[in-house]
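Okay, thanks for coming, everyone. Let me put the structure up and then walk you through a few spots.

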Amino acid sequence: MTAPTAPAAVRQPPRTWLRAHLACARMEFRAALTYRTAYLSAFAMMLLQIWLLTVVWKAFYDGRAEVDGLDLATMTAYATLTTLQYQLVSPWRSSPIDQRVREGKVAVDLLRPVGFPGQMLAGQLGWASAAVPVLVVALPFALLIGAGRAPASAAAGFAYPVALAGALLVNQLLGLLLGMVSFWTLEVSGALMAYRFVAQFFSGALVPLWFMPGPVRAAAEWLPFQATAYTPAAVYLGEIEGAGIAAALGVQLAWIAALGALAAFVWSRARRRVMSQGG
């Protein structure tokens, strides 16, 4: 049964459209804050990961001043930064779509005066933003366990927030696409586990791209994941500078456009499969 749609959504004035999406984001932000135990455990694991990566990189350097032109302080700062920002751009729940599909709530979502992908994306961003207060609290502990440093330059300081916003959008669009797989499978937990492993590795969150073997690095550079962790961290630390910053931000923008178009295409097919599963 094809679910009804809300054609009025496309006729909304921009201010109303923005308010509607902000309302979706606020609802998910409040919902996320109710999962205090999950957030606390996630951030405890984040601090543990920073400590483990710091230990590993110290052992890897083994007293050497530099490896491939990079000193230990840069590597520990990179490990700390990527772990912190990954908690923001990649929250433990990627999308609510699979749950709403299983519970048969998608038909209700389609009756709202906001497009379904827009609702879900705004909600995902609201859920991710719930990590900000905890990150602020965790930051001193993370810097104590790992390492931090100021932006490599004024250009890096200005470009980093832009790169971080790009990383957030790329990752949320990937989450949206993964969530829409549930229209065909109903359950995405297995795919999500595999996705998280692949995404975290190829994003450079564990091992920076400059230490990856040639073929692996080439694959990482052709995938969207590097735009979610490596790009903002490398910009911040000055490993990408000058014209390279504009090029890196351009790659992020290209991925946002490509993933947005792909999400629109997948949704055009998925909406045909929407069926009421509840009573």
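Let's start with a quick one: does R217 count as buried, partly exposed or exposed, or put plainly, which of those labels fits R217? At 28% relative accessibility, R217 counts as partly exposed. The labels go like this: buried is under 20% relative accessible area, exposed is over 50%, and partly exposed is in between, with a 1.4 Å probe and protein chains only.

Before I go on, a word on where this comes from. This is a predicted model, where local features need pLDDT of at least 70 and side-chain atom pairs count only at pLDDT 80 or more, while totals for chains, interfaces and linings use all residues. Residues are numbered from 1 along each chain as its sequence is written, and side-chain values use heavy atoms, with hydrogens and water left out.

Back to R217. Its side chain meets that of E221 in a salt bridge, at 2.9 Å from N to O. By salt bridge I mean a side-chain nitrogen of Lys or Arg within 4 Å of a carboxyl oxygen of Asp or Glu. Both residues sit in helix α11, residues 214-222, and they are 4 residues apart, about one turn of the helix. Helices here are DSSP runs of H or I, at least four residues, numbered from the N terminus. E221 is partly exposed too, at 43%.

So how many salt bridges does the structure hold? It holds 3. Another one joins R102 and D98, at 3.3 Å from N to O. Those two are 4 residues apart in helix α4, residues 97-102, so about one helical turn separates them. R102 is partly exposed at 38%, whereas D98 is buried at 13%.

Then there's D109 with R100, where the closest N and O atoms are 2.6 Å apart. D109 is buried, with a relative accessible area of 0%, and R100 counts as buried at 19%.

Now, over to the surface. M45, L48, W51, L52 and V55 make a nonpolar patch of about 470 Å². Patch residues have over 30% relative accessible area and no salt bridge, and nonpolar side chains are joined within 5 Å. L48 lies in helix α2, residues 36-61, and is partly exposed at 37%.

Last stop: helix packing. The axes of α3, residues 72-89, and α12, residues 230-237, come within 10 Å and cross at roughly 135°. That makes the two helices oblique to each other, the label for angles that are not under 35 degrees, over 145 or from 65 to 115.

Conventions. Patches are made of residues with over 30% relative accessible area and no salt bridge: like charges are joined within 9 Å, nonpolar side chains (Val, Leu, Ile, Met, Phe, Trp, Tyr) within 5 Å. Accessible areas come from the Shrake-Rupley method with a 1.4 Å probe; for residues, only the protein chains shown count as cover. Axes are lines fitted to C-alpha atoms, for helices over the stretch in contact, and angles run from 0 to 180 degrees between N-to-C directions.
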